[in-house]
Amino acid sequence: MLLQCAHTVARMKSHGAKPLQRFFARIARRRGKKIAVVALARKLLTTAYGVLKSGERDDPRRLEPATA
């Protein structure tokens, strides 16, 4: 089920999905699309766990790499 979610996020046109799509594209360039989908599914799972554990709302901007 998480892999289906990852496929959907990778194809979404929503602005909120852009950080996850950039993550997917970066992994897909290096390792291939199948591994990138699994990596994205894992990132979705860890993000959902963090949201449930902390009780805070998810902020997609926190997934973007920090700029110096």
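**Asking why about a predicted model**

Buried residues make up 21% of the 68 residues in the protein chain, and keep in mind that this is a predicted model.

Q: Why is Gln4 called exposed?
A: Exposed means over 50% relative accessible area. Gln4 comes out at 58%, so it gets that label.

Q: Where in the secondary structure is Gln4 found?
A: Gln4 belongs to helix H1, which covers residues 2-11.

Q: What is the separation of Gln4 and Val38 in sequence and in space?
A: Along the sequence, Gln4 and Val38 are 34 residues apart. In space, their C-alpha atoms are 10.0 Å apart.

Q: What makes the charged end of Lys43 count as sitting over the ring of Phe23?
A: For a lysine, NZ has to be within 6 Å of the ring centre and within 35 degrees of the ring normal. The charged end of Lys43 is 4.6 Å from the centre of the Phe23 ring, so the distance part is met. The pair is listed as a charge over a ring.

Q: How many aromatic pairs turn up in the whole structure?
A: Zero, after a search of the whole structure. To pair, ring centres have to lie within 6.5 Å.

Q: What pattern does the protein chain follow along the sequence?
A: It reads α-α-α, and the secondary structure comes to three helices and zero strands.

Q: How much of the accessible surface belongs to carbon and sulfur atoms?
A: That share is 58% of about 5600 Å² for the protein chain.

Terms used: Residues numbered from 1 in each chain as written. Predicted model: local features only at pLDDT ≥ 70, side-chain atom pairs only at ≥ 80, totals over all residues. Heavy atoms only, no water. Phe/Tyr/Trp six-rings, centres within 6.5 Å; stacked < 30°, edge-to-face > 60°. Helix = DSSP H or I, 4+ residues; strand = E, 2+ residues; numbered from the N terminus. Buried < 20%, exposed > 50% of the residue type's maximum accessible area, 1.4 Å probe, protein only. Areas by Shrake-Rupley, 256 points an atom, 1.4 Å probe, with all protein chains shown as cover.
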